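Open your viewer, get comfortable with the selection tool, and let's take a walk through this protein together. At each stop you will select something and then look at what surrounds it.

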Amino acid sequence: MLTESVFSTDGALAPLRELHAVCRRHGALLLVDEAHGLGVRGPGGQGLLYEAGLAGSPDVVMTTTLSKALGSQGGVVLGPEPIRAHLIDAARPFIFDTGLAPAAVGAAWAALRVLIAEPRRAQAVLDHAAELARISGDSAVPDSAVVSVILGEPEVAVAAAAACLERGVRVGCFRPPTVPEGTSRLRLTARASLTADEMDLARLVLTEVLAEARL
């Protein structure tokens, strides 16, 4: 079974324990992409699998990118030794590709060391996401770095994203076929290093742009 731990469009969390229980009943592997979980969820940002108590399970495989929370490049597959050995021997994209650049590996290792030494960074991401949600008029507390602001029609969301960028705030914009019809949205992504001045700018710009978009 394949799933994301944190769904990238709306920031919702996958029910990993329940999915793992289903896999156990049927003798299946659970493969989880932690691209949006690592560095945000779990103690010190160790990921949602760790938070769910599933990290290191013999029937769980984790993939993640090094280019989001860790700010590097490339990706990794973490899992039991037989899975790793099989990928080394049989995964054509791996066999016919070059290894990660040493600089990218070094950057990822350095970022992991920072994450371990400064576990508060993961909570700072969630705190900033909660503030972005409040600014956007959402009373729900986000479960991840992703804050989804649904605006409806594609042209409304595209115009709002362009207006934010023009005022100095870059946001994502999702529209069909990525999301269902009528749910085009802005995707705001929090990070630990947002300063008070940057949050003030986001508050000013989002308040203005969303008021215009929701007329």
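## Stop one: a buried arginine

Arg-187 counts as buried, because its relative accessibility is 18% and the cut-off for buried is under 20%. Keep in mind as you look around that this is a predicted model.

Select Arg-187 and you will find yourself in strand S7, which covers residues 184-189. Now show what Arg-187 touches, leaving out residues up to four places away in sequence: Ser-8, Thr-9, His-36, Val-146, Val-147, Val-171, Gly-172 and Phe-174. Pick Val-171 from that group and draw a distance between the two C-alpha atoms: Arg-187 and Val-171 are 6.1 Å apart in space, with their positions 16 residues apart in sequence.

## Stop two: Ser-8

Next, select Ser-8, in the loop between strand S1 (2-4) and helix H1 (16-26). Is Ser-8 buried or exposed? Ser-8 is buried, with a relative accessible area of 17%. Setting aside residues up to four places away in sequence, Ser-8 touches His-36, Val-146 and Arg-187.

## Stop three: Glu-4

Move to Glu-4, which lies in strand S1. Glu-4 is partly exposed, at a relative accessible area of 24%. Which residues does Glu-4 touch, not counting those up to four places away in sequence? Select Ala-14, Val-32, Asp-33 and His-36 to see them. For a longer view, add Ala-130: its C-alpha is 21 Å from that of Glu-4, and the two are 126 residues apart in sequence.

## Stop four: two helices side by side

Two packed helices are described by the angle between their axes and the distance between the axes. Select helix H6 (residues 120-135) and helix H8 (residues 196-213), which pack at about 25° with their axes 9 Å apart. H6 and H8 are therefore roughly parallel to each other, because angles under 35 degrees count that way. Their crossing is right-handed.

To see the contact, show the side chains of His-128, Glu-131, Leu-132 and Ile-135 on H6, and of Met-199, Ala-202, Arg-203, Leu-206 and Thr-207 on H8. Colour these residues by class and you get five nonpolar, two polar and two charged.

## Stop five: a second partner for H8

Keep H8 and add helix H7 (residues 154-166); here the angle is about 155° and the axes are 10 Å apart. H7 and H8 are therefore roughly antiparallel to each other, since this label is used for angles over 145 degrees. The crossing of H7 and H8 is also right-handed.

Which residues meet here? Val-156, Ala-160, Ala-163 and Cys-164 of H7 meet Val-205, Leu-206, Val-209 and Ala-213 of H8. This contact has eight nonpolar residues, no polar ones and no charged ones.

## Stop six: a cis bond

Most residues other than glycine have a negative phi, and most peptide bonds are trans. Now select Pro-176 and Pro-177, which are joined by a cis peptide bond with omega at about 10°. Pro-177 sits in the loop between strand S6 (172-174) and S7.

## Last stop: the cysteines

A disulfide is a covalent bond between the sulfur atoms of two cysteines. How many disulfides does a search of the whole structure find? The search finds zero. Take Cys-173, which is in no disulfide: the nearest cysteine sulfur belongs to Cys-164, 9.9 Å away. Cys-173 is partly exposed, with a relative accessible area of 23%. Finish at Cys-23, which is buried at 2% relative accessible area.

Conventions
Residues are numbered from 1 along each chain as its sequence is written. This is a predicted model: local features need pLDDT of at least 70, side-chain atom pairs count only at pLDDT 80 or more; totals for chains, interfaces and linings use all residues. Side-chain values use heavy atoms; hydrogens and water are left out. A disulfide is a pair of cysteine sulfur atoms within 2.5 Å. Buried means under 20% relative accessible area, exposed over 50%, partly exposed in between (1.4 Å probe, protein chains only). Axes are lines fitted to C-alpha atoms, for helices over the stretch in contact, and angles run from 0 to 180 degrees between N-to-C directions. Helices (H or I, at least four residues) and strands (E, at least two) are DSSP runs, numbered from the N terminus. Angles under 35 degrees count as roughly parallel, over 145 as roughly antiparallel, 65 to 115 as roughly perpendicular and the rest as oblique. A crossing is left-handed if the near helix is turned anticlockwise from the far one by less than a right angle, and right-handed if clockwise. Contact means heavy atoms within 4.5 Å. Ala, Val, Leu, Ile, Met, Phe, Trp, Tyr, Cys and Pro count as nonpolar, Asp, Glu, Lys and Arg as charged, and the others, Gly among them, as polar.
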